[in-house]
Amino acid sequence: MQPFAIDQTASEPNENDTTPVTVDLIAQMVDNLFTAMLELDIDSSPVEPPQLSDETLSATVQVSGDRNAIIQVFASHDLATKIATAMFAIEAEELAEEEILDALGEVVNVIGGNVKGIFDQECALSLPCVGVIQQPLPEDAMTVAFDLGGEAITVLFKERTK
């Protein structure tokens, strides 16, 4: 198992960034998603992001248009399964692998849609891409993790210039 380098502390974009997306807004999005929509117990106070491995699942969406950004969500397979059981209201042993990946894709899709709404400019949201982590991860990204039922779910946000 090859660990991946990711900043181990919650981080804000550097002071030269002008993005309106903050750690607090990401925390609010994550809290609303897991508490209100999925009725899962999440602590929206940032925790130290876990070490990612080649077995960690990743879901990615991109915002493109007047503003451009990438949003990624990282979770263990077990956590993605827990999310899928809540999302589809079925037992874990009844889930197909595709449903587990779809659930993580829906998580990043909801967060990406919220980011697109914050931008309030002409932008499009890509379809989610879900799988194992692809290298390299964006540099200087805002990375924040949250405790979701005893496991960390990590959100990475990076606004990009065209």
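Hi everyone. The largest pocket in this protein has a volume of about 210 Å³, and that is where I'd like to begin. Please keep in mind that we are looking at a predicted model.

So, what lines this pocket? There are 14 lining residues, and the ones closest to the centre are Ser-58, Thr-60, Gln-72, Cys-129 and Gln-134. If you want to find the walls on your screen, look for strand E2 (57–65), strand E3 (68–75) and strand E5 (129–132), the elements that each give two or more residues to the lining. Which of them gives the most? That would be E5, with four residues. For those of you thinking about chemistry, the lining divides into seven nonpolar and seven polar residues, with no charged ones.

Let me step back to the whole chain for a moment. The protein has three helices and seven strands. Reading from the N terminus, the order is α-β-β-β-α-α-β-β-β-β. There are 162 residues in the protein, and buried residues make up 42% of them. The accessible surface comes to about 8,300 Å², and carbon and sulfur atoms hold 46% of that. Now to contacts along the chain: if we take those with a separation of 6 or more, 71% of them are between residues 24 or more positions apart.

Next, a little cluster that I enjoyed looking at. It has Glu-159 in it, and two side chains that reach this glutamate. Start with Thr-19, which sits in the segment before helix H1 (23–37). Is Thr-19 buried or exposed? The cut-off for buried is under 20% relative accessible area, and Thr-19 has 15% relative accessibility, so it counts as buried. Its side chain makes a polar contact of 2.8 Å with the side chain of Glu-159. A polar atom of the Thr-19 side chain also lies 3.3 Å from the backbone nitrogen of Val-21.

The other partner is Arg-67, in the loop between E2 and E3. Arg-67 also has 15% relative accessibility and therefore counts as buried. What does the Arg-67 side chain make a polar contact with? With the side chain of Glu-159, at 2.6 Å. Leaving aside residues up to four places away in sequence, Arg-67 touches Thr-18, Thr-19, Pro-20, Phe-119, Gln-121, Cys-123 and Glu-159. So Thr-19 and Glu-159 are both among the residues that Arg-67 touches.

While we are at Arg-67, have a look at Asp-120. Asp-120 lies in the loop between H3 and strand E4 (123–125). Asp-120 and Arg-67 are 53 residues apart in sequence, and their C-alpha atoms are 9.4 Å apart in space. Arg-67 is buried, as we saw, but Asp-120 has 67% relative accessibility and so counts as exposed.

Now over to helix H3 (97–119), where I picked out two acidic residues. Glu-98 is in helix H3, and at 57% relative accessibility it counts as exposed. How far is Glu-98 from Val-130? They are 32 residues apart in sequence and 9.9 Å apart in space, C-alpha to C-alpha. Asp-102 is found in helix H3 too. With 42% relative accessibility, Asp-102 counts as partly exposed. Its C-alpha atom is separated by 8.7 Å from that of Pro-128, a residue 26 positions away along the chain.

Last topic: backbone angles. Which residues other than glycine have a positive phi? I have two to show you. One is Glu-39, which has a positive phi of about 55° although it is not a glycine. Glu-39 lies in the loop between H1 and strand E1 (42–47). With 69% relative accessibility, Glu-39 counts as exposed. The other is Ala-89, where phi is near 55°, again a positive value in a residue other than glycine. Where is Ala-89? In the loop between helix H2 (77–88) and helix H3. Ala-89 is exposed, with a relative accessible area of 65%.

To recap the places to click on: the pocket lined in part by E2, E3 and E5, the polar contact from Thr-19 to Glu-159, the one from Arg-67 to Glu-159, and the positive phi values at Glu-39 and Ala-89. Thanks for listening!

How values were computed:
Residues are numbered from 1 along each chain as its sequence is written. This is a predicted model: local features need pLDDT of at least 70, side-chain atom pairs count only at pLDDT 80 or more; totals for chains, interfaces and linings use all residues. Side-chain values use heavy atoms; hydrogens and water are left out. Buried means under 20% relative accessible area, exposed over 50%, partly exposed in between (1.4 Å probe, protein chains only). Contact means heavy atoms within 4.5 Å. Accessible areas come from the Shrake-Rupley method with a 1.4 Å probe; for residues, only the protein chains shown count as cover. On a 1 Å grid over the protein atoms alone, a cavity is a set of points where a 1.4 Å probe fits but cannot get out, and a pocket is an open set with protein on both sides within 12 Å along at least five of seven lines; lining residues have an atom within 4 Å of a point. Grid points are joined across faces, edges and corners, and a volume is the space filled by probe spheres set on the points. Ala, Val, Leu, Ile, Met, Phe, Trp, Tyr, Cys and Pro count as nonpolar, Asp, Glu, Lys and Arg as charged, and the others, Gly among them, as polar. A polar contact is a pair of N or O atoms within 3.5 Å; within protein, one must be able to donate a hydrogen and the other to accept it, and residues adjacent in sequence count only if both atoms are side-chain atoms.
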